[in-house]
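Subject: Structure handover

Hello,

Here is the structure we talked about, with the sequence. My notes on what was found follow below it.

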Amino acid sequence: MSERETEFEVRRLLLAVDTAGATVSTFAAAANLASRFGAELVGLFLEDTRLLRAATLSTSRYVSPLVRGGDLDLSSIEAELRALAARTRSALAVAASAAGVAWSFSVHRGEPSEEVGKIAGPGDIVVVGDRKSTRLNSSHTDISRMPSSA
């Protein structure tokens, strides 16, 4: 190995998902990558405190594919976040099982990039889940429409 090359052992692959969600293929790709590296797949569901603060404003309104839109209130938003986190956990479990990798899942509340920064460490790769993709869009299944059982 030359001076410029260093060995990097991947310990964990952190898949960060927020309220934008991710596709089933995103979970599968992350699980397969974790398998290739012999790493644990760690799902991080990130609840953005800015969204929760907005729920306390009397003028806030929302539109959601999961529930009928209307006044924004903290209890409704928290319930929707719990449901989305449960679906995210289920999708992660399915993908990890199919790839044969160890996995874990946790929910974190704060500013998303700060939360990921607190969790990530040496030997970690961070992947940001996203519903957008430039390839094979027709094969993507939106997890916001999946049941929340795991």
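I start with one residue and work outward. D48 lies in strand β2. Please keep in mind that this is a predicted model.

D48 counts as buried because its relative accessible area is 17%, under the 20% cut-off. Its side chain makes a polar contact of 2.6 Å with the side chain of R50. Leaving aside residues up to four places away in sequence, D48 touches G110 and P112. G110 belongs to the edge strand β5 (103-110).

S113 is also worth a look from here. Its C-alpha is 9.6 Å from that of D48, although the two are 65 residues apart in sequence. S113 lies in helix α4, residues 112-119. It is exposed because its relative accessible area is 51%, and the cut-off is over 50%. A polar contact of 2.6 Å links the S113 side chain to that of E111.

Now the sheet. Four strands make up an open sheet, ordered β5-β2-β1-β6, with parallel pairing. At its edges are β5 and β6 (124-128), each of which pairs on one side only. From one strand to the next, the twist averages 25°.

Helix α1 (residues 24-37) packs on this sheet and touches β1, β2 (40-48) and β6. The direction of α1 makes about 165° with that of β1. Helix α3 lies across β1, β2 and β5, and runs at about 155° to β5.

Strand β1 can be described in some detail:

- On the β2 side, β1 is joined to β2 by six bridges, and the two strands run parallel. L14 stands opposite V42 of β2.
- On the β6 side, β1 (residues 12-17) pairs with β6 in the parallel sense over five bridges. A16 has V128 as its bridge partner in β6.
- As for cover, six of the six residues of β1 are buried. R12, L14 and A16 point one way from the strand, while L13, L15 and V17 point the other way. R12 is thus listed among the buried residues, along with the others just named.

Does the length of α3 agree with what its residue count predicts, or disagree? What span should its 26 residues have? Helix α3 covers residues 74-99, and at 1.5 Å a residue it should span 38 Å. The C-alpha atoms at its ends are 37 Å apart, which agrees with that figure. After α3 comes G100, with a positive phi near 70°.

Finally, the chain as a whole. It holds four helices and six strands, and from the N terminus on the elements run β-α-β-α-β-β-α-β-α-β. The chain has 150 residues, of which 37% count as buried. Taking contacts between residues at least 6 apart in sequence, 76% join residues at least 24 apart. The exposed area of the chain is about 8,900 Å², and carbon and sulfur atoms supply 52% of it.

If you want a place to begin on screen, I would take β1 with its two partners, since strand β1 pairs with β2 and with β6. From there, D48 in β2 leads to its contacts G110 and P112.

Regards

Key: Residues are numbered from 1 along each chain as its sequence is written. This is a predicted model: local features need pLDDT of at least 70, side-chain atom pairs count only at pLDDT 80 or more; totals for chains, interfaces and linings use all residues. Side-chain values use heavy atoms; hydrogens and water are left out. The expected span of a helix is 1.5 Å times one less than its number of residues. Two strands pair if DSSP finds at least two bridges between them. Axes are lines fitted to C-alpha atoms, for helices over the stretch in contact, and angles run from 0 to 180 degrees between N-to-C directions. Contact means heavy atoms within 4.5 Å. Buried means under 20% relative accessible area, exposed over 50%, partly exposed in between (1.4 Å probe, protein chains only). A polar contact is a pair of N or O atoms within 3.5 Å; within protein, one must be able to donate a hydrogen and the other to accept it, and residues adjacent in sequence count only if both atoms are side-chain atoms. Accessible areas come from the Shrake-Rupley method with a 1.4 Å probe; for residues, only the protein chains shown count as cover.
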